Amino acid sequence: MLKTYGLLGLIQLMCFKIRTRFVFRNARIIRFPFRLRGKQYIRINEGFTTGFNCRLDAFNINNGSEPLIVIGKNVQINDDVHIGATERIEIHDNVLIASKVFITDHNHGKYSGIGADSPKTKPNDRLIYSSPVVIEKNVWIGEFVSILPGVTIGEGSIVGTMSVVNKNVPPFCIVVGSPARVVKKFDFDKNEWISVKND
């Protein structure tokens, strides 16, 4: 291990492990700086790992008692990941999230249908609208991805770098783009990824 990290790196790693126990006892390692708001509304399962400068925000604007962010076993998030919830974000077991990813279940204002907010209203004065986000097990999320309110990402799917996910992703698919669309689906009979045509 000394050859891998060097003496200073090993000391830093040990310091992170000690500090981790004070933030979330069952996490594997949290690398600091680590920003946390609403800790009492965040539930972390064992094996949680972070990169540097991650941010978890749980805003209990509805005065509920249930956790707003629930993270399953062996979830790894890399540098500069921001997760913000006012209603519910679930990240299931074995999810891998690359750096600079944004996941939110809420928005300042309503922008479709009857009662949409006016662009003349200050954004900070607009009501918060939310819809739960679920990321099922074994999902891999690439760098610079944004996952927006009301989305479920199905088991085993992959979200390509720089994608914006604004609708549900079926299980065992690869999605890319802004907005994200399915480009491949895993065929269990052939044991391979098959391209999907988009019109």
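User: Let's start at the helix. Does Leu7 count as buried or exposed, and at what relative accessibility?

Analyst: Keep in mind that this is a predicted model. Leu7 sits in helix α1, which covers residues 2-23. The cut-off for exposed is over 50% relative accessible area. Leu7 clears that cut-off, so it counts as exposed, at 57%.

User: Which residues make the nonpolar surface patch of about 340 Å²?

Analyst: Leu7 is a good place to look, because it counts as exposed. It shares the patch with two other residues. The full set is Leu7, Leu8 and Ile11.

User: On to the cysteines. How many disulfides does the structure hold?

Analyst: A disulfide needs two cysteine sulfur atoms within 2.5 Å. The cysteine sulfur closest to that of Cys15 belongs to Cys54, and at 19 Å it is too far for a bond. Seen from the other end, Cys54 is in no disulfide either, with the sulfur of Cys15 as its nearest. The number of disulfides is zero.

User: And what is the relative accessible area of Cys54?

Analyst: Cys15 counts as partly exposed, at 40% relative accessibility. Cys54, on the other hand, is buried. Its relative accessible area is 0%.

User: How many salt bridges does the structure hold?

Analyst: In general, side chains of opposite charge can pair when their charged atoms come close. Among the pairs here is Lys122 with Asp125, whose closest N and O atoms are 3.6 Å apart. Lys122 counts as exposed, at 57% relative accessibility. The structure's salt bridges come to six.

User: Which residues are linked in a network of salt bridges?

Analyst: Arg37 forms a salt bridge with Asp57, with the closest N and O atoms 3.1 Å apart. The side chain of Arg55 meets Asp57 in a salt bridge too, at 2.7 Å from N to O. Asp57 takes part in both pairings, so the linked residues are Arg37, Arg55 and Asp57.

User: How many residues apart in sequence are the parts that the Arg37 and Asp57 pair ties together?

Analyst: The salt bridge between Arg37 and Asp57 has its two ends in separate strands. Arg37 belongs to β1 (residues 34-37) and Asp57 to β4 (residues 54-58), so the parts tied together are apart in sequence by 20 residues.

User: Within that network, is Asp57 buried or exposed?

Analyst: Arg37 is partly exposed, with a relative accessible area of 41%. Arg55 counts as partly exposed as well, at 31%. Asp57 has a relative accessibility of 1%, so it counts as buried.

User: What backbone oxygen lies 3.3 Å from a polar atom of the Thr49 side chain?

Analyst: Thr49 is in strand β3, residues 49-50, and counts as buried at 4% relative accessibility. Leaving out residues up to four places away in sequence, it touches Arg28, Ile29, Arg31, Val75, Gln76 and Ile77. The backbone oxygen in question is that of Gly47.

User: How far apart in space are Ser131 and Thr86, C-alpha to C-alpha?

Analyst: Ser131 lies in the loop between β12 and β13, and is partly exposed at 29% relative accessible area. Its contacts beyond four places in sequence are Glu87, Asp105, Pro149 and Gly150. Ser131 and Thr86 are 45 residues apart in sequence, and their distance in space is 8.8 Å.

User: Last one, for the whole protein: what share of the 199 residues is buried?

Analyst: The protein has one helix and 21 strands, and its C-alpha trace spans about 60 × 50 × 30 Å along the principal axes. Its accessible surface is about 11400 Å², with 54% belonging to carbon and sulfur atoms. The buried share of the residues is 38%.

Notes
Residues numbered from 1 in each chain as written. Predicted model: local features only at pLDDT ≥ 70, side-chain atom pairs only at ≥ 80, totals over all residues. Heavy atoms only, no water. Patch = residues over 30% accessible without salt bridge, like charges linked within 9 Å, V, L, I, M, F, W, Y side chains within 5 Å. Areas by Shrake-Rupley, 256 points an atom, 1.4 Å probe, with all protein chains shown as cover. Salt bridge = Lys/Arg side-chain N within 4 Å of Asp/Glu carboxyl O. Helix = DSSP H or I, 4+ residues; strand = E, 2+ residues; numbered from the N terminus. Buried < 20%, exposed > 50% of the residue type's maximum accessible area, 1.4 Å probe, protein only. Polar contact = N/O pair within 3.5 Å; in protein donor to acceptor, adjacent residues only side chain to side chain. Contact = heavy atoms within 4.5 Å.
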